[in-house]
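Grab a pencil and work through these exercises one at a time. Try each task yourself before you read the solution.

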Amino acid sequence: MHHSLVGILVSCLVLLTSLVHSKTDSDDVSALNVMFNSLNSPSQLDGWKSSGGDPCDDSWKGITCSGSSVTEVKLSGLGITGSLGYQLANLKSVTSFDVSKNNLKNDIPYQLPPNVVNLDLSNNQFTGSLPYSISQMTDLKYLDIGHNSLNGQLGDMFQKLSKLEKLDLSFNTLKGNLPQSFSSLSKLETLYLQNNQFTGSINVLARLPLKDLNVENNQFRGSIPASIKGIDKLKTGGNSWGPGSDNSGGNGSNSKDGNGKGGLGGLTIALIIAAIVVVAALIGILMFKKKSSATSHFLDEEKTSHKGSFKVLASQELSSEHGAPISKGFNDDISPRSSVSIDIKTLKKPPSFGYKPQQTDVVQDFSDKEFENRLNAGRNTSTPAVSYSLADLQSSTGNFAAGRLLGEGSLGCVYKAKYPDGKVIAVKKIDKSHFQKDHKEEFSKIVSNISKIHHKNIAPLVGYCSESDHHILVYEFFRNGSLHDFLHMSDDFSNPLTWNTRVKIALGTARAVEYLHEVCAPSVIHKNIKSSNILLDLEFNPHLSDYGLDGFHDRTSKNLGIGYNAPECTKPSSYSIKSDVYSFGVVMLELLTGRMPYDSSKSKSEQCLVRWATPQLHDIDALANMVDPALRGLYPPKAISRFADIIALCVQAEPEFRPPMSEVVQTLVRMVQRSSMNMRDDFAANSRGTDDSDYY
């Protein structure tokens, strides 16, 4: 009896051991569970489960294993819908991943099987850009993302793909020049780029070992390199090749010369040259006249100074970061605005806000110093604020009509001013009740101080007006509105901010606050950091507004922003640099959760965002449930955790424990440093981020 029991136990142990050894790797299971849910749990995927299960032993449809590891995922032509989820990077042993010929939508996830050799995502409905995590797939030989709806430009992401033999990006809406890193594709034999919107030349392909090349129906220009003309399978039609290249397809033979058989005749060329000379002469005359007339519109500061005062009058245009010119004045055919006198002594009184060396500009332990230098570059150069007449501002705002109201804050209202030439500015009327005795002198000091604040992530002051007890500040207008609008005033899925964009907004805003706190001398306490004061340009770069007005905030009885105030701020005058850090942490919470700082429509325990979120910031499971649903699960979990760690430091109840903004900036930069090259390029080039990075 005893021996038989022992035998049974041994048999059970052997069975359990075999089960343990055969059970699929838990990371693989988790990734496939998430993928199944993201694919809307299709019935076509026999054996798949939304949680748990054993893909290898239970023979899940399309799954091939080696031992306990998933090695192939082949789900082509099954009519499945949805998206791929965000845990595909867990599939570390997968060498073939094929989900072609389905109805998959949304962005291609930034996380993909990192060691894949064959990746086929073709013939779906994927949008967005090419995931930059592909740049790290050094074993990749076959990549097909043709017949989708990818857009934007190709990142310079092909340096490490030396094993790639076939690349198909055809039938998308990709644009821009071909990246220089294409030249690193030393084994590329097949390249399909047809039916996109690529521009520029194809010279970067000249030295590749191509045997099959299709670049038809793009917007390529220039000539076809001789080495490419010798490719056996070559299609080049539907482009804008110059003389010497054939635009009809085939082998790209040279076009005919100018002997009456298709080339430009000598008379035609002569006429073109003559026309160019005439046009150039006319342009020269017009430029000379414009320069002569423009000179009269600028009053030299020294020449117009008299009796201790001076006037500034200018009509030059200020180009915004997103390329839309913002007017500092009117065109020549519009009556010039009057100039406001400011006492020269007043302008000299405020302490200098000059740039001082910043130790935090040097971030320790970074492997890529050039990247950090690029992040720190690009601060705005100083431009003087220009005076506007009250009559002009009344005219351009419809006499401050309600229909032109952009927002109302504790200090006054902001209006949209539009001019006949199409230029737009933002006009902030400060309520005169906030001034003390001498309105004009106090306003002069404010204008002088704010005019000295220049940073690429701070909304620039471009003008002012001080007439008839009206005190107005004029700022550049940002067409994407405020961060508050994007997070809280749009549908969850109509205008979602991608994860990379949210990190970019957080980092840019942190740099702006760091500049105010640690670069300006003396330090500037903002006292009103909130999402409605973070303005977004067309590339979603943040620009902090409402700065330099802390003196007014000390006098106002209005709440500076419910949910943003640190616990110690029982009154506006108790604000400090550490209080700004707290408010910035609340903005980061908004970016993470998509929730408002205070929401009375929620249950009492969830009304105050900080109180609700703080206990969960270090709980990985709870954190996943806190993330903004508008992200649709497209975010890297490790980066979310790091982001939450920064928030937890900023919103601590005790001011002395909150980090300085320079430390916040460094931590955010380190987070970007851990990402793939795509996000690093997003930030360094100051371009809009996309959700295709892989954080490690």
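Accessible areas here come from the Shrake-Rupley method with a 1.4 Å probe, and for residues only the protein chains shown count as cover. This is a predicted model, where local features need pLDDT of at least 70 and side-chain atom pairs count only at pLDDT 80 or more, while totals for chains, interfaces and linings use all residues. Residues are numbered from 1 along each chain as its sequence is written, and side-chain values use heavy atoms, with hydrogens and water left out.

**Exercise 1. Describe the protein chain as a whole.**

Step 1: start with the surface. The protein chain exposes about 31500 Å², and carbon and sulfur atoms supply 53% of that.

Step 2: look at burial. Buried means under 20% relative accessible area, exposed means over 50%, and partly exposed is in between (1.4 Å probe, protein chains only). Of the chain's 696 residues, 50% count as buried.

Step 3: list the elements. Helices (H or I, at least four residues) and strands (E, at least two) are DSSP runs, numbered from the N terminus. You'll find 18 helices and 27 strands in the protein chain.

**Exercise 2. Work out how the strands of two open sheets are arranged.**

Step 1: get the rule straight. Two strands pair if DSSP finds at least two bridges between them.

Step 2: take the parallel sheet. Its four strands run in the order 8-10-12-14. Strand 8 (151-153) and strand 14 (219-220) are the edges, each pairing on one side only. Strand 8 joins strand 10 (residues 173-176) over three bridges, and Gln 153 has Lys 175 of strand 10 as its bridge partner.

Step 3: move to the mixed sheet. Here six strands follow the order 20-24-25-23-22-21. Strand 20 (386-387) and strand 21 (405-408) each have a single partner strand, so one side of each has no neighbour in the sheet. Strand 20 pairs with strand 24 (residues 461-467) in the parallel sense over two bridges, with Val 386 opposite Gly 463.

**Exercise 3. Check the span of helix 17, then its surroundings.**

Step 1: the expected span is 1.5 Å times one less than the number of residues. For the 13 residues of helix 17 that gives 18 Å, and the end C-alpha atoms are 18 Å apart, which agrees.

Step 2: count the buried residues. In helix 17, 10 of the 13 are buried, so the helix is largely enclosed by the rest of the structure. Among them are Met 661, Val 665 and Leu 668.

**Exercise 4. Find the largest nonpolar core.**

Step 1: a nonpolar core is a set of buried Ala, Val, Leu, Ile, Met, Phe, Trp, Tyr and Cys residues joined through side-chain atoms within 4.5 Å.

Step 2: the largest one has 84 residues, and those with the most contacts inside it include Leu 473, Trp 499 and Phe 643. Helix 11 gives the largest share, 11 residues. Another core, of 63 residues, lies apart from it and includes Phe 36 and Leu 39.

**Exercise 5. Is Asn 33 buried or exposed, and what is around it?**

Step 1: place it. Asn 33 sits in helix 2 (residues 26-38).

Step 2: with a relative accessible area of 9%, Asn 33 is buried.

Step 3: list its contacts (heavy atoms within 4.5 Å). Leaving aside neighbours within four places in sequence, Asn 33 touches Lys 49, Ser 50, Ser 51, Gly 52 and Trp 60. A polar atom of the Asn 33 side chain lies 2.9 Å from the backbone nitrogen of Gly 52.

Definitions and conventions
A polar contact is a pair of N or O atoms within 3.5 Å; within protein, one must be able to donate a hydrogen and the other to accept it, and residues adjacent in sequence count only if both atoms are side-chain atoms.
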